[in-house]
Amino acid sequence: MTPEERRAALAKIADEVSACRKCPLSMGRTRAVPGEGHPDTEVVFVGEGPGYNEDQQGRPFVGAAGTLLNELLGKIGWRRDEVFITNVVKCRPPGNRDPEPQEIAACAPYLERQLAILDPALVVTLGRHSLQTFRPGARIGQVHGTQQPAPPATGARDATTASLYHPAAALRQNSLRETMLADMARLPQALLDSRARRAGAGAQATPNQAEPRPPTAPEPDPAPEPAPAPEPEPEPMSVAAGGHDPDDQMELLLNQ
Ligand code: URA
Ligand code: SF4
């Protein structure tokens, strides 16, 4: 898909979402919030659902949680207009209650299609509900800051998923800010690892997948050299590994 085709396909989904009546959340919404971002990005952030401000504006993460998300992105040198940001439900649950499982299920095909179009290398889940979509059964207090391959059934066919707390949780509990920052700081390396893994797999499978996408998410370091390189050092953030940092003090503090 060309960037223009991606843009058009995402706009079509946004139109469908804006007219959607597949679940009861359609009745209470002011505006649906399909999501927004760069159509050629490698990184997708998935939150829970629109709050008051998002419902008013039809845009994701524009309230207090969004301000914190922008700030955290800035700390790792990323900007929100070079990633894609969306939610598991596209319409605001009344009074900001948790989305119901049936509502998440009704809305899931939109997220799935967005991910299929974007084919991200990295999916960052924000909070419990998003986590459940990408790592069913996982507990946020135990897995935040860690990574796993995303199940292809989510629409993200070859992605690493990284699990973060929801920024709203850090607004309620100030100590989580530092945790979120530490978890966020792992994302650039997670992206580089996933990009390298995808390039390797593509080279063996279909040559056109090996074509690198324009890097829209900035890299902290120069890209790995194309020349045949010696064995890379084991990566501390390998996506194949299970848990990370079992001794991380924060893990003990934050199993809430
Ligand atoms: N919280 C979310 O989960 N999503 C938004 O878009 C805004 C706040
Ligand atoms: Fe449709 Fe999703 Fe909105 Fe429910 S939350 S009405 S499924 S767009």
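1. Strand 1 (residues 36-37) pairs with strand 3 in the antiparallel sense, over 2 bridges; two strands are taken to pair if DSSP finds at least two bridges between them. The bridge partner of E36 in strand 3 is I85. Strands (E, at least two residues) and helices (H or I, at least four) are DSSP runs numbered from the N terminus.

2. The model is predicted: local features need pLDDT of at least 70 and side-chain atom pairs count only at pLDDT 80 or more, while totals for chains, interfaces and linings use all residues. Residues are numbered from 1 along each chain as its sequence is written, and chains are lettered from A and ligands numbered from 1 in the order in which they are written.

3. Strand 2 (residues 43-47) also pairs with strand 3, in the parallel sense and over 4 bridges. Here G47 has N87 of strand 3 as its bridge partner.

4. Strand 3 (residues 84-87) is covered on both faces: F84 and T86 on one side, and I85 and N87 on the other, are all buried (20 or more other C-beta atoms within 10 Å of the residue's own, with C-beta atoms placed from the backbone).

5. G47 and N87 are both among the residues around ligand 1, as are E48, P60 and A168; a residue is near a molecule if its C-beta atom, placed from the backbone, lies within 6 Å of it. This shell divides into 5 nonpolar, 5 polar and 2 charged residues.

6. Around ligand 2 there are 14 residues, of which C20, C23, S26, C91 and C107 come nearest. Helix 5 (101-118) and helix 2 (25-28) each supply at least two of the shell residues, and helix 5 gives the largest share, 3 residues.

Key
Nonpolar A, V, L, I, M, F, W, Y, C, P; charged D, E, K, R; others polar. Buried ≥ 20, exposed ≤ 12 C-beta atoms within 10 Å, placed from the backbone.
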